[in-house]
Amino acid sequence: MKRNKWAAGLAGAMILTSVLSACGNGGTTEGGSSAEGGKVTLNVWGMGEEAKSLPKIAEQFEKDNPNIKINVQALPWSSAHDKLLTAVASKKGPDVVQMGTTWIPEFAAAGALMDLTPMAANYPEIKEDNFYPGSILTTKYEDKTVGVPWYIDTRVLYYRTDLLKEAGYNEAPKTWDELQDAATKLTQRGKGKYGISIDPKEQSLAFMFARQNGSKLIDGKTPLFDQPEFVEAVDYLNSFYKNGSAPKDLGIDAIQGLSGEGVVPMFISGPWMVKLINDQAPDLKGKWATAVLPKKENNISALGGANLSVFQFTEHKEEAMKFLAYMSKPETQLKWLEMTQSMPSTKKAWEDPALQQDPHYKVIGEQMKASEPMPMIKPFEEIAQTYLKSFERIYRGQAEVKPELDAFNKQAQSILNK
């Protein structure tokens, strides 16, 4: 899943290092790899802000592997998908590519991503046991492993500790009922005050809450969005709008809502918000905290982030695998955390004091244990976008929950049948 939300690209396209021309008896494809004088150039496509730091993190890899040169091309998330489609069609592209987790099914189905299984045994750094189980799910397509978790994120509850205490909560709400109660009491502070932000454009929220209510979302080729587990979850989310504890069109962002008087003192978001709050709202120091999500049957959160995959048509599979192994080392991932604030995917890295001693990151690490990606099927993105249209009609009061979800379920079935 791509970052914000689930990750909008923030960087413009830029070439960080130039693609080396083919010479001697080595060959070069567009965006592909080259060899010169026995030295291999490994081309890596990175997306968004992360790509700006890739050349720096690759320096140690190049020192350890003097016969390999890492060449990075940075792409904005907004255009990366189309560029990848072009690479697939031409069979000319990178050696290693960053993949938003939700893109894996589409490009794996197109045969663009190499199955790592036959070579994985030679690289202990990418053993599945090294990673959180939820992140491993994002690397699978049918019976193949087509990626390695690079960085991961999940969703946790952010809240104003001082305002929750005034509402009678010395700690974060632990259940659905407590979350509803706390939001209602916070709203009772007066006109223009709310309890929680329910982002209507965050497609993962309903699916996440439905899983907490026991929904499987999709069973094979059968969508379950008209079943009680899903309907109850959407009705629960909509109840925050109906009773006025969640704003519909407030026009301020999450940090603005959290700051000052705390117009909206609770919201659900990802790890990147920790740094943003610290940087943009230093006056909140000591007045806010993070917590794992409240529970119904469980407190499963959504898992996103990005993977690293090997392009099927690379001429340098061994070198590409070495780079994936290097990026999977706990020490590399901790350096990456320092540089980009991206959460590491390896469990060992989470044992580091920098993460264990920070109360916010410790919560995020705890939530990782109960986090799952969205269904890893090619049509899910289309289904999710269709849901957002249905939910807008629901929370704006134009449609009742059950009839609208019956109609959405039929649309989802048509998408799955394509």
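**Helix packing and the largest pocket**

Let me begin with one helix pair, in which Glu-50, Ser-53, Leu-54, Lys-56 and Ile-57 of H1 meet Thr-332, Lys-335, Trp-336, Met-339 and Thr-340 of H13. Please keep in mind throughout that what we are looking at is a predicted model. Sorted by residue class, this contact between H1 and H13 holds four nonpolar, three polar and three charged residues. As for the geometry, H1 covers residues 50-64 and H13 covers residues 330-340, and the two pack at an angle of about 135 degrees with their axes 10 Å apart. At that angle the two helices, H1 and H13, are therefore oblique to each other, and the crossing that H1 makes with H13 is right-handed.

I turn now to helix H9, residues 228-242, and first to how it meets helix H16, residues 380-395: their axes come within 10 Å and cross at roughly 50 degrees. H9 and H16 are therefore, once again, oblique to each other, and H9 passes H16 in a right-handed crossing. On the H9 side the contact is made by Phe-230, Val-234, Leu-237, Asn-238 and Tyr-241, while H16 brings Tyr-387, Phe-391, Ile-394 and Tyr-395. In terms of composition, the contact of H9 with H16 has eight nonpolar residues and one polar residue, with no charged ones.

H9 also packs with helix H17, residues 401-417, at an angle of about 130 degrees, and the axes of these two helices are 10 Å apart. That angle makes H9 oblique to H17, and their crossing is, again, right-handed. Here H9 uses Phe-230, Val-231, Val-234, Asp-235 and Asn-238, which meet Val-401, Lys-402, Leu-405 and Phe-408 of H17. The residues of this contact between H9 and H17 divide into six nonpolar, one polar and two charged.

Let me close with the largest pocket, in which about 740 Å³ of space lies. Which residues lie nearest the centre of this largest pocket? Those are Ser-197, Ile-198, Asp-199, Pro-200 and Ile-252, out of a lining that counts 35 residues. The elements that give two or more residues to the lining are helix H10 (254-258), strand S12 (266-269), helix H11 (272-280) and H16. It is H16 that supplies the largest share of the lining, with five residues, and this is the helix that, as I described, also crosses H9 at roughly 50 degrees. By residue class, the lining of the largest pocket divides into 17 nonpolar, seven polar and eleven charged residues.

How values were computed
Residues numbered from 1 in each chain as written. Predicted model: local features only at pLDDT ≥ 70, side-chain atom pairs only at ≥ 80, totals over all residues. Heavy atoms only, no water. Axes fitted to C-alpha atoms, helices over the stretch in contact; angles between N-to-C directions. Helix = DSSP H or I, 4+ residues; strand = E, 2+ residues; numbered from the N terminus. Parallel < 35°, antiparallel > 145°, perpendicular 65-115°, else oblique. Left-handed = near helix turned anticlockwise from the far one by under 90°. Contact = heavy atoms within 4.5 Å. Nonpolar A, V, L, I, M, F, W, Y, C, P; charged D, E, K, R; others polar. 1 Å grid on protein atoms, 1.4 Å probe; cavity = no way out; pocket = protein on both sides within 12 Å on 5 of 7 lines; lining within 4 Å. Points joined across faces, edges and corners; volume = space filled by probe spheres on them.
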